Amino acid sequence: MQRNIDGEALRAAMRRVPSPVTVVTAAGTGEARGITIGSFTSVSLDPPLISFNVGHEAQMHALIVRADRFAVHVLSEAQAHLADHFALPDRSGAEQFAPVAYRLDAHGTPILDGALAVFHCARYAVYEAGDHSLLVGRVLDVEAGAEGLPILYFDRTYRSVGKAAKWSLFSPVNRGSNHTP
């Protein structure tokens with residue numbers, strides 16, 4: 001059975017899927033910006049590629065699709081405030097970075113202090129995907145940052161990573177009535 005669903009139905013279903021919480025930063029002509037992203041994933045190991053998407057309406061969109069380089073910061077559970085901070089629309093780049101501890105890398109990209117990991121990337125490809133652009137970055141360097149646990153976004157809230165799930169191996173499946181283990 002196939003039916004057409006709208007964006008709200010998809011959004012409601014996707015709330016059941018936990019996603020990583022990252023902040024992507026980039027710099028362009030005279031401005032640096034950041035944006036909270038929940039669609040970060042690895043794409044390829046050879047070459048090392050990652051991806052995420054950015055809505056066309058986001059203030060960061062024009063800058064990130066043109067940026068030659070950007071950084072993806074994996075936030076710790078102690079950095080949920082940064083996820084909220086960079087998710088707020090209608091702030092200038094200067095307003096975004098004024099209260100935040102960061103440094104600039106050799107290419108002028110802001111690097112947030114205290115992230116669990118930072119992926120330094122070069123733009124590899126940009127694809128139009130409906131009301132978003134899908135960005136693929138080639139990972140040039142990875143910084144292992146602070147110790148701690150990452151945060152996830154699930155059901156409209158930030159969550160900590162909990163204990164490992166309990167599991168057990170499945171019982172062997174009988175192949176037929178005459179099968180003896």
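Visitor: Which residue in strand 3 is the bridge partner of A26?

Guide: In this predicted model, A26 has R33 as its bridge partner in strand 3.

Visitor: How do you know that strand 2 and strand 3 count as paired?

Guide: Pairing asks for at least two bridges. Seven bridges join strand 2 to strand 3, residues 31-37, and the two run antiparallel. The requirement is met, so they are called paired.

Visitor: What lies between strand 2 and strand 3 in their hairpin?

Guide: Two residues lie between them, and in the turn G30 has a positive phi of about 75 degrees.

Visitor: What makes strand 2 and strand 6 a pair as well?

Guide: Again at least two bridges are needed. Strand 2 and strand 6, residues 69-74, have four, in the antiparallel sense. T25 stands opposite A71 of strand 6.

Visitor: Why is strand 2 described as largely enclosed by the rest of the structure?

Guide: Strand 2 covers residues 22-28, and five of its seven residues are buried, so the description follows.

Visitor: Which residues touch the most other members of the largest nonpolar core?

Guide: They are V24, F52, I64 and F70, in a core of 22 residues. Among the elements that give two or more residues to this core are strand 2, strand 3, helix 2 (61-66) and strand 6. Leaving aside residues up to four places away in sequence, I64 touches V24, A26, F52, V54, F70 and L135. Another core, of 11 residues, lies apart from this one and includes L75, L82, A83 and L112.

Visitor: How many aromatic pairs does a search of the whole structure find?

Guide: The search finds five.

Visitor: Why is the pair of F97 and Y102 called tilted?

Guide: The ring centres are 5.0 Å apart, and pairing requires them to lie within 6.5 Å. The planes stand at 55 degrees; stacked means under 30 and edge-to-face means over 60, so this pair falls in the remaining class, tilted.

Visitor: Why is the pair of Y153 and Y158 called edge-to-face?

Guide: Their ring centres are 5.4 Å apart, and their planes are at 65 degrees. That angle is over 60, so the pair is edge-to-face.

Visitor: Is F97 buried or exposed?

Guide: F97 has a relative accessible area of 5%, and buried means under 20%, so F97 is buried. Its ring partner Y102 has 37%, which lies between 20% and 50%, so Y102 is partly exposed. Ring pairs link F86, F97 and Y102 into a cluster.

Visitor: What makes Y153 and Y158 partly exposed?

Guide: Y153 has a relative accessible area of 35%, and Y158 has 25%. Both values lie between 20% and 50%, so both residues are partly exposed.

Visitor: Why does P99 count as exposed?

Guide: Its relative accessibility is 61%, and exposed means over 50%, so P99 is exposed. P99 is found in the loop between helix 4 (93-97) and strand 7 (102-104).

Visitor: Why are strand 1 and strand 12 said to stand at the edges of their sheet?

Guide: Three strands form this open sheet in the order 1-11-12, with antiparallel pairing. Strand 1 (19-20) and strand 12 (157-160) each have a single partner strand, so one side of each is left without a neighbour in the sheet. Strand 11, residues 151-154, pairs with strand 12 over four bridges. L152 has R159 as its bridge partner in strand 12.

Key:
Residues numbered from 1 in each chain as written. Predicted model: local features only at pLDDT ≥ 70, side-chain atom pairs only at ≥ 80, totals over all residues. Heavy atoms only, no water. Buried < 20%, exposed > 50% of the residue type's maximum accessible area, 1.4 Å probe, protein only. Phe/Tyr/Trp six-rings, centres within 6.5 Å; stacked < 30°, edge-to-face > 60°. Core = buried A, V, L, I, M, F, W, Y, C linked by side-chain atoms within 4.5 Å. Contact = heavy atoms within 4.5 Å.
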